[in-house]
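Subject: A structure for you to look through

Dear colleague,

I am handing over a structure that I would like you to look through at your own pace. Please open it first, and then read the notes that follow it.

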Amino acid sequence: MNISDTSTDEDDRYHITNLYTSIEGTILCSTLSSFSFLASIAIIIIIQRSHDGLGSVYHRFLCCMSIGNLAAAISMSFNTLLMPSDMPYYTGFEGLHIGNQTTCNIQGFMFTFGVAFEVSYFVMLLVYYCCVITLRMRNDTIRRYIEPVLHVIALSVGLAHSVPSVLWDLINPLVDKNWCSRSVLPFWCVDEPDTCIR
């Protein structure tokens with residue numbers, strides 16, 4: 001079933017109004033995601049200009065966390081703009097939405113990948129500190145034996161969370177976010193599988 005084939009007049013659940021669907025929520029989301037984007041850029045620049053640059057394991061993990069945050073912040077900054085113009089919640093969102101399912105998939109992929117990538121590197125940073133502080137491992141040992149494995153794990157987690165979401169049609173507009181992300185459509189589809197559109 002296509003999104004445009006649905007009739008939303010008979011079901012009040014399609015007509016949602018809250019902070020996320022309001023113009024204030026759209027402006028707030030754009031502003032905060034822009035600050036997050038600029039902060040990540042600043043961290044990457046500071047790391048690049050530091051004495052060690054990307055020469056230390058800590059700096060590489062922090063830089064990768066910032067890259068994940070950049071992807072999520074960019075996708076969030078576009079807000080409702082990339083949401084499908086024929087989405088069922090059309091009457092609720094006050095922000096402009098001129099996209100289609102492809103633009104929604106791109107936005108949702110960037111968001112889910114960025115968040116999973118960032119959180120994975122946060123965990124990898126904790127593992128790094130555990131190795132340094134608790135196990136008293138030398139940086140050379142970590143760099144040679146542990147860091148490559150941690151990079152593979154973080155990248156795998158990011159891809160494992162985002163790629164299936166696109167392949168299984170789980171990237172959709174949400175009523176509690178200003179951007180496309182991982183969710184069923186409509187949001188009550190989990191409880192009523194016969195109402196699923198995507």
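**Cysteines and the disulfide**

The sulfur of cysteine 130 has its closest cysteine sulfur in cysteine 131, and because the two are 5.7 Å apart, they are too far from each other for a bond. Please keep in mind, here and in everything below, that this is a predicted model. At a relative accessibility of 36%, cysteine 130 counts as partly exposed. Cysteine 63 is in a comparable position as far as bonding goes, since its closest cysteine sulfur, that of cysteine 64, is 5.9 Å away, which is too far for a bond. Cysteine 63 is buried, however, with a relative accessible area of 8%.

Which cysteines, then, do form a disulfide? A search through the whole structure finds 1 disulfide, and it joins cysteine 104 to cysteine 180, whose sulfur atoms lie 2.0 Å apart. A disulfide is a covalent bond between the sulfur atoms of two cysteines. The two partners come from distant parts of the chain, as cysteine 104 belongs to helix α3 while cysteine 180 belongs to strand β2 (residues 180–182), and 76 residues separate them. The angle about the S-S bond is -115 degrees, and the link between cysteine 104 and cysteine 180 is left-handed. Cysteine 104 is buried, with a relative accessible area of 0%, and cysteine 180 is likewise buried, with a relative accessible area of 0%.

**The overall plan**

It may help to step back and look at the whole chain. The protein has 4 helices and 2 strands, and if you read along the sequence you will meet them in the pattern α-α-α-α-β-β. Of the 198 residues in the protein, 45% are buried. If you take the contacts between residues at least 6 apart in sequence, you will find that 67% of them join residues at least 24 apart.

**How the helices pack**

Helix α2 is a good place to begin, and I suggest that you follow its contacts with each of the other helices in turn. The axes of helix α1 (residues 23–49) and α2 come within 8 Å of each other and cross at roughly 155 degrees, an angle that makes α1 roughly antiparallel to α2. The crossing of these two helices, α1 and α2, is left-handed. On the α1 side, the residues that meet α2 include Phe37, Ile41, Ile44 and Ile47, and among those on the α2 side are Leu62, Cys63, Leu70 and Ile74. Sorted by class, this contact of α1 with α2 has 13 nonpolar residues, 8 polar residues and no charged residues.

With α3, helix α2 packs at an angle of about 160 degrees, and the two axes are 7 Å apart. The helices α2 and α3 are therefore roughly antiparallel to each other, and α2 passes α3 in a left-handed crossing. By class, the contact of α2 with α3 has 20 nonpolar, 5 polar and 1 charged residues.

How do α2 and helix α4 (residues 139–167) lie, and at what angle do their axes cross? The axes come within 11 Å and cross at roughly 10 degrees, so α2 and α4 are roughly parallel to each other. In this contact, Val57, Arg60, Phe61 and Cys64 in α2 meet Ile142, Arg143, Glu147, Leu150 and His151 in α4. By class, the contact of α2 with α4 has 5 nonpolar, 1 polar and 3 charged residues.

**Two residues outside the helices**

Leucine 82 lies in the loop between α2 (57–77) and α3 (101–134). If residues up to four places away in sequence are set aside, leucine 82 touches Gly99, Asn100, Thr103, Cys104 and Gln107, and you may recognise Cys104 as one partner of the disulfide. Leucine 82 and threonine 103 are 21 residues apart along the chain, while their C-alpha atoms are separated by 5.4 Å.

Serine 183 is found in the segment after β2. Is serine 183 buried or exposed? With a relative accessibility of 15%, serine 183 counts as buried. Setting aside once more the residues up to four places away in sequence, serine 183 touches Leu170, Ile171, Asn172 and Leu174.

With kind regards

Note on methods: Residues numbered from 1 in each chain as written. Predicted model: local features only at pLDDT ≥ 70, side-chain atom pairs only at ≥ 80, totals over all residues. Heavy atoms only, no water. Contact = heavy atoms within 4.5 Å. Axes fitted to C-alpha atoms, helices over the stretch in contact; angles between N-to-C directions. Parallel < 35°, antiparallel > 145°, perpendicular 65-115°, else oblique. Nonpolar A, V, L, I, M, F, W, Y, C, P; charged D, E, K, R; others polar. Left-handed = near helix turned anticlockwise from the far one by under 90°. Disulfide = S-S within 2.5 Å. Buried < 20%, exposed > 50% of the residue type's maximum accessible area, 1.4 Å probe, protein only.
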